[in-house]
Amino acid sequence: MSAPTPPQDSLVLDPVAMHIVNRVAEGTVLEGTLNFKGGLLLQGTLRGQGEIAGRLVIWHTGQLQGRFRILGDLIVLGHLGGVADDTDASTAVECLGTVQVASTGVCTGSLSAARLRLYEGGVMQGPFRTLQRERLLPVLDTMA
């Protein structure tokens with residue numbers, strides 16, 4: 001009798017079920033101040049700054065560079081930051097949800113998130129910081 005196979009982590013993605021309504025296609029490069037509502041499937045390159053309201057999936061062919069805030073979860077199958085083996089000081093991402101770095105994912109930029117899940121083979125070159133719980137709550141104006 002052979003030994004049982006240990007369970008393996010798997011990441012199943014369905015952009016429709018995840019309610020992702022925006023897509024940057026492979027080969028497309030967008031630069032500037034960019035804001036997306038309804039999440040984003042990034043198969044091309046996004047450079048600059050902005051906010052993504054919803055989930056962000058960086059596909060195998062995708063690359064995110066710059067300063068972005070993600071109001072949902074982040075799944076990295078491609079590159080967060082530059083493609084060099086060094087850290088990318090120009091890329092800083094804040095994610096209010098969970099960051100999942102798949103076995104093909106490479107993070108060379110600075111990353112702040114509520115939670116992190118790193119799959120075997122995933123690369124974290126840049127610094128990671130856990131967001132404090134009070135930072136995740138909306139700030140109310142008590143002076144009114």
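Reader: Is Cys107 buried or exposed, going by its relative accessibility?

Author: Happy to help, and note that this is a predicted model. Buried means under 20% relative accessible area. Cys107 has 1% relative accessibility, so Cys107 counts as buried.

Reader: Thanks! And how many disulfides does a search of the whole structure find?

Author: A disulfide is a covalent bond between the sulfur atoms of two cysteines. Cys95 is a buried cysteine, with a relative accessible area of 0%. Still, when the whole structure is searched, the number of disulfides found is zero.

Reader: Which side chain makes a polar contact with the side chain of Thr98?

Author: Let's place Thr98 to begin with: this residue is in strand E9, residues 92–101. Its relative accessibility is 17%, so Thr98 counts as buried. Setting aside residues up to four places away in sequence, Thr98 touches Asp73, Leu74 and Arg115. The polar contact between side chains, at 2.9 Å, pairs Thr98 with Arg115.

Reader: What value is the phi of His19 near?

Author: Good one to check. Most residues other than glycine have a negative phi. His19 sits in the segment before strand E1 (23–24), and counts as exposed because its relative accessibility is 61%. Its phi is positive, near 60°.

Reader: Which residues make the nonpolar surface patch of about 230 Å²?

Author: One member, Leu116, belongs to strand E11, which covers residues 110–118. Patch residues need over 30% relative accessible area. Leu116 has 35% relative accessibility and therefore counts as partly exposed. The nonpolar patch of about 230 Å² is made by Leu116, Leu118 and Phe128.

Key. Residues are numbered from 1 along each chain as its sequence is written. This is a predicted model: local features need pLDDT of at least 70, side-chain atom pairs count only at pLDDT 80 or more; totals for chains, interfaces and linings use all residues. Side-chain values use heavy atoms; hydrogens and water are left out. Patches are made of residues with over 30% relative accessible area and no salt bridge: like charges are joined within 9 Å, nonpolar side chains (Val, Leu, Ile, Met, Phe, Trp, Tyr) within 5 Å. Accessible areas come from the Shrake-Rupley method with a 1.4 Å probe; for residues, only the protein chains shown count as cover. A salt bridge is a side-chain nitrogen of Lys or Arg within 4 Å of a carboxyl oxygen of Asp or Glu. Helices (H or I, at least four residues) and strands (E, at least two) are DSSP runs, numbered from the N terminus. Buried means under 20% relative accessible area, exposed over 50%, partly exposed in between (1.4 Å probe, protein chains only). A disulfide is a pair of cysteine sulfur atoms within 2.5 Å. A polar contact is a pair of N or O atoms within 3.5 Å; within protein, one must be able to donate a hydrogen and the other to accept it, and residues adjacent in sequence count only if both atoms are side-chain atoms. Contact means heavy atoms within 4.5 Å.
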